[in-house]
Amino acid sequence: MSFDFPNETIQEGEVKVVVPKLAAYVKKPWDYAPSKAPVFYNPTMELNRDLAVLALQTHQKLSEREVSVCEPLTGCGLRGVRFAAEVGGVRKVFLNDIKPEAARLAGFNAELNGVANCVEVSNEDANLFLSRHAAPRKRFDYVDVDPFGPPVPYLDSAIRALRNGGLLALTATDMAPLCGVHPRACLRKYGGQPLRTEYCHELAVRLLIGCLAMMAAKHAIGIKVRFSHSVDHYVRAYAAVDYGARQADKSIQKMGYILHCFSCFHRETVSGIISPLKRVCPSCGAKLGAAGPLWLGRIADKNFCSLMEREAKQRNLGQEKRILKMLSLIQNEAEAPVTYYAVDKICDKLNLPIPALKKVIDRIRKAGFQVVPTHFNSRGVKTDAPADTVKEAIADLATQKG
Ligand SMILES: C[S@@+](CC[C@H](N)C(=O)[O-])C[C@H]1O[C@@H](n2cnc3c(N)ncnc32)[C@H](O)[C@@H]1O
Ligand SMILES: [Zn+2]
């Protein structure tokens, strides 16, 4: 088969695929080649795809059955072809893209890797495609929504196309709204208020999961969050759907607000969908900012992360080192308190030199609090210590008392 655009063959994971030759689509230094090319391919998302392979394999093993998989926005098909070639227990992979050239290339790549027998490719709008699978016996065990920008336009139909217990994976690349640069856009799309804090990436994950929880609740479906992460220019969440009005109610109970003091670093959570009235910092009296409603529940499941880690160690992933580091951090912070303190941000405000993170952690732990590093920020700590204790620990270290 021939393609009438510059292309090349690349290797990722255990597959070889034909993709557009990105160098041919960079005319000006600021050109973003993946979306200029006639078919979408982004090599920097390898880590995202590696983690998806691990999550799908973990989900398949936990569900103890052959699974059907769907990638409704597939681009060149690389992710879905990897699912078919690298994940055991996959019965069928359904790939879809609205662009005819993309669907053609995805089908070609399935053939190239000898998995065409278990890959079905279609070429239509993702919502139409998902809606055609929103009926008993047609639903999927795993749906991976990986669009440009927000996944929100596809959420409703993706939820309806998942069988009970199925896993939904979501990528959101619209970090400007989610991190509070465009708060009105975030409220419009995700139904929650963002806040420009040093932990805005965690808020982004919580806003995305909160949006999913509320959307699923409309269908009397609850969610169980398995894994999430923030890296480079996007956030990602994996949640299983749990059919039932009671399960949906339980999810809604995990919604709430995070209140933040921009003056003294104090933060607190308030459960519930109704906007909290109390807006004054109990520590310094300043007015508190509020983010939400968003997801206040766990954003990763320790056991699921540990199984993903086990899978990663049995493979030869391109991004193995980064992945193992991320999985270890995420596992360790899975049960840690909401939000984190960015040590450099505190030092900046208090005009102090930045101490080693390990020393800050030891100091807070010695004071009797739970404290762990976080994958969200290499200078961040998640702790149940109040902001004053964190600041004291940092100040003590800076003045060599520690
Ligand atoms: C970010 S790319 C997908 C990348 C791919 N998931 C991967 O891992 O390489 C988004 C894709 O969605 C497709 N797309 C955009 N709008 C769509 C729609 N309404 N229905 C189906 N596909 C759509 C685009 O053509 C593009 O290929
Ligand atoms: Zn305060």
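## A tour around helix α6

Start by selecting helix α6 (residues 152–160) together with helix α9 (residues 200–218): in this predicted model, their axes come within 10 Å and cross at roughly 45°. That angle falls outside the ranges for roughly parallel, antiparallel or perpendicular, so α6 counts as oblique to α9. Turn the view until one helix lies over the other, and you will be looking at a right-handed crossing.

Now show side chains where the two helices touch. On α6, pick Val 152, Leu 155, Asp 156 and Ile 159; on α9, pick Cys 211, Leu 212, Met 215 and Ala 216. Colour this contact by residue type and you should find 7 nonpolar residues, no polar ones and 1 charged.

Stay with α6 for a moment. Its buried residues are Val 152, Tyr 154, Leu 155, Ser 157, Ala 158 and Ile 159. What lies over them? The cover includes α5 (126–131), β6 (140–145), β7 (162–172), α8 (183–190), α9 and β8 (221–231).

Next, move to the largest nonpolar core, which has 60 residues. Select Leu 51, Phe 83, Tyr 142, Phe 227 and Tyr 238, the members that touch the most others. Helix α2 (residues 46–63) supplies the largest share of this core, 7 residues.

Zoom in on Tyr 142. Leaving aside residues up to four places away in sequence, its contacts include Ala 52, Leu 56, Phe 83, Leu 162, Arg 236 and Tyr 238.

For a last stop, select Leu 178, Val 205, Ile 209 and Leu 212, which are among the 54 residues of a second, separate core. You have already met Leu 212, on the α9 side of the contact with α6.

Methods:
Residues numbered from 1 in each chain as written. Chains lettered and ligands numbered in written order. Predicted model: local features only at pLDDT ≥ 70, side-chain atom pairs only at ≥ 80, totals over all residues. Heavy atoms only, no water. Axes fitted to C-alpha atoms, helices over the stretch in contact; angles between N-to-C directions. Helix = DSSP H or I, 4+ residues; strand = E, 2+ residues; numbered from the N terminus. Parallel < 35°, antiparallel > 145°, perpendicular 65-115°, else oblique. Left-handed = near helix turned anticlockwise from the far one by under 90°. Contact = heavy atoms within 4.5 Å. Nonpolar A, V, L, I, M, F, W, Y, C, P; charged D, E, K, R; others polar. Core = buried A, V, L, I, M, F, W, Y, C linked by side-chain atoms within 4.5 Å. Buried < 20%, exposed > 50% of the residue type's maximum accessible area, 1.4 Å probe, protein only.
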